[in-house]
Amino acid sequence: MISASQRLWRTSPLTYVALVMAALLSIYPLYYMVVISTRSLDAINDVPPPITPGGSFGDNFGRVLENDAANFLTGLVNSIIVSSVVTIAVVITGSLAGFAFAKLRFRGRNVLLLSIIVTMMIPTQMGIIPLWSMMQTLGWYDTLYAVTVPFLVTAFGVFMMRQYAMQAISDELIEAGRVDGASTFRIYWNIVLPALRPAAAVLGLLTFMEQWNSFLWPYAILTPENPTLQVSLSFLSYAYYTDYSQVFAATAVGTLPLVIVFIVFGRQIIGGIMEGAVKS
Amino acid sequence: MSLSATTAPPSPAPPPPDTAPRRRGSLLNRFDLKYSPYLYIAPFFLIFGVFQLYPMARTAWMSLHDWDMIGEHTFIGLDNYTALLSDDYFWNALVNTFGIFLLSTIPQLLLALFLANLLNRTMLRAKTFFRMAIFVPNVVSVAAVAIVFGMLFQRDFGLFNWLLSTVGVDPIDWRNQTWSSWTAIATMVNWRWTGYNTLILLAGMQAIPKDLYEAAEIDGASQWRQFWQITLPMLRPTFIFVVILSTIGGMQLFTEPLLFGNGSVIGGNQREFQTLAMYMFEKGIYNLSTAGYGAAVAWAIFMIIVLVSLINFLLVRRSAK
């Protein structure tokens, strides 16, 4: 008979079977997207469905570029701009406020922090109707301001940076900076920001993905003439619903960069998500 | 002027003997200590207040008015809310939202619990690979998911109907019936979120002390019993967190049904899969003359979220006692 601790953590082959199946089901739709995006149009009606990629990706993506109903390239460029600007801003504003909440003393600190945590629970969708009319008033309808400015800060970013700063930065380090006569901003810039780098990287990745994938608000406020990538995809899919190789070629181009980023940085992203879960 | 001027190594010219800069320095220093924290949190509160908090409050204000975007608005108290109660389309959207919510949340959380339990084994090989593989759907945008699954659920050449035909089932027109459209939409939600929930539950499981299991093992408890009597009770806080997150997401479901119906905010010919968030859009954004009513729908969604979260919270707490 095997010992108790050995028995406790052994892994039966059935475990692997179940996990491999779960992994296959997770990956298959993406693989299918790639297969269709590289096939000619008529392959889609094949029974049984094709299972290997073909060589027609160039043709299909060419049709995407010629298609002026969805402005795919504009969408791609817009998404790159919006996601990058928002990511940089969220990391900077989040680390500034997170540092202040974790390491500086000021009146009202606890109340203000609590107000951030409470509002994290309220879905932002609840403000979408007035926000929409605000954008009209500001003249931001169908502009990148509308999809960028409201998202330059996130409560999650502040909270995450605060949690990390609490444990990663010792008070002595900041005191030492003060004794040397450094201003608070210098301390932030030269001591805090470098120490926050690992958390900032995870926050940056999560923010970039969220922005890249954001749909509802851009869909409400942008037109097909000036879309983000996701909005462009949606219009492409309505207008050319039967030309799936075209639609899937666009979808693949919009999806695979993030999947590649995920494969490269997956460990950190998953670590960040799991760590965040335990703390909250 | 920067403070470093007084502390930096002397430049070629020696500093002037005058003490004014130092006094000014200490004044700056006091100001820095006392008020600069507000400067660091100001960007957050400014943007958050203007673009997130204020609109939410304004939604509440609007919901008490007969409001159109052109500028006409009269205060009507709770009339919008009482109108909601006798609005068939609102009830239809509510039922659809709950139907899809249950069809997605229950299988999803059970599956996530199962997978997390498998991944929790310390002897597992290729742990990182499995974690990443099941999480990858969450990296894909909702729009892309809806487009890909929209095709898989096509009537004439969709993969699901082909699979059904191999076992002799007639093709289903997924978009034309309530139950089938709910199933299709719930499938997209399940695919995208099971891995995410698995990781959160796994994180919770790994925080459970290992010696509890070892003690149970020595007492001869089976793995199944260990799962019921150690893992599940200890996992309660994480489970509540996951349930509440799923509730918030489920009550706001929008993109999947919208794209499944080719961008129509009505959700099928007979509103078979119009969700509450779609109805809010229909009233509040697509139709400028009923913005106040749309705002009432928005607050109704919020109140339903709070209510359902509370019920879930109590249920999960009680069942574990």
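What follows is a walk through some helices, helix contacts and loops of this two-chain model.

First, the ground rules. This is a predicted model, in which local features need pLDDT of at least 70, side-chain atom pairs count only at pLDDT 80 or more, and totals for chains, interfaces and linings use all residues. Residues are numbered from 1 along each chain as its sequence is written, chains are lettered from A and ligands numbered from 1 in the order in which they are written, and side-chain values use heavy atoms, with hydrogens and water left out.

Let's start in chain A with helix H3, residues 57-66. Helices here are DSSP runs of H or I with at least four residues, strands are runs of E with at least two, and both are numbered from the N terminus. In H3(A), Asn60(A), Phe61(A) and Val64(A) are buried, where buried means under 20% relative accessible area, exposed means over 50%, and partly exposed is what falls in between (1.4 Å probe, protein chains only). Those three cover an arc of only 90° around the axis, so they sit on the same side of H3(A); the arc is taken over the directions from the helix axis to the C-beta atoms. Turn to the other side of H3(A) and you find Gly58(A), Asp59(A) and Glu66(A) exposed.

Carry on into the loop between H3 and helix H4 (72-103) of chain A and you reach Asn71(A). Its phi is near 45°, a positive value in a residue other than glycine. With a relative accessible area of 21%, Asn71(A) is partly exposed.

Helix H5 of chain A, residues 109-119, has its own buried set: Arg109(A), Leu113(A), Ile116(A) and Thr119(A). These cover an arc of only 135° around the axis, which puts them on the same side of H5(A). On the other side of H5(A), Asn110(A), Val111(A) and Leu114(A) are exposed.

Helix H6(A), residues 128-138, is mostly covered, with eight of its 11 residues buried. Among the buried ones are Ile128(A), Pro130(A), Trp132(A) and Met135(A). Right after H6(A) comes Gly139(A), with a positive phi near 75°.

A bit further on, Leu152(A) sits in the loop between helix H7 (144-148) and helix H8 (155-168) of chain A. At 18% relative accessibility, Leu152(A) counts as buried. So what does Leu152(A) touch, leaving aside its neighbours within four places in sequence? With contact meaning heavy atoms within 4.5 Å, the partners are Val85(A), Val86(A), Ala89(A), Val90(A), Thr93(A) and, from the other chain, Ile47(B). Val86(A) is 66 residues away along the chain, yet its C-alpha atom and that of Leu152(A) are separated by 5.2 Å.

Now for chain B and its helix pairs. The axes of helix H4(B) (residues 88-119) and helix H11(B) (residues 236-251) come within 10 Å and cross at roughly 150°. Axes here are lines fitted to C-alpha atoms, for helices over the stretch in contact, and angles run from 0 to 180 degrees between N-to-C directions. H4(B) and H11(B) are therefore roughly antiparallel, on a scale where under 35 degrees is roughly parallel, over 145 roughly antiparallel, 65 to 115 roughly perpendicular and the rest oblique. H4(B) passes H11(B) in a right-handed crossing; that label applies if the near helix is turned clockwise from the far one by less than a right angle, and left-handed if anticlockwise. Residues making the contact include Phe98(B), Phe101(B) and Leu109(B) of H4(B) and Phe239(B), Val243(B) and Met251(B) of H11(B). The contact residues divide into eight nonpolar, five polar and no charged. (Ala, Val, Leu, Ile, Met, Phe, Trp, Tyr, Cys and Pro count as nonpolar, Asp, Glu, Lys and Arg as charged, and the others, Gly among them, as polar.)

The other pair is H5(B) (residues 127-139) with H8(B) (residues 178-206), whose axes come within 6 Å and cross at roughly 135°. That makes H5(B) oblique to H8(B), and the crossing is left-handed. Including Arg131(B), Ile134(B) and Phe135(B), residues in H5(B) meet a set in H8(B) that includes Trp191(B), Arg192(B) and Tyr196(B). The residues of this contact divide into eight nonpolar, four polar and two charged.

Last stop: Thr255(B), in helix H12 (residues 255-260) of chain B. At 7% relative accessibility, Thr255(B) counts as buried. Not counting residues up to four places away in sequence, Thr255(B) touches Val142(B), Ala143(B) and, across in chain A, Phe215(A).
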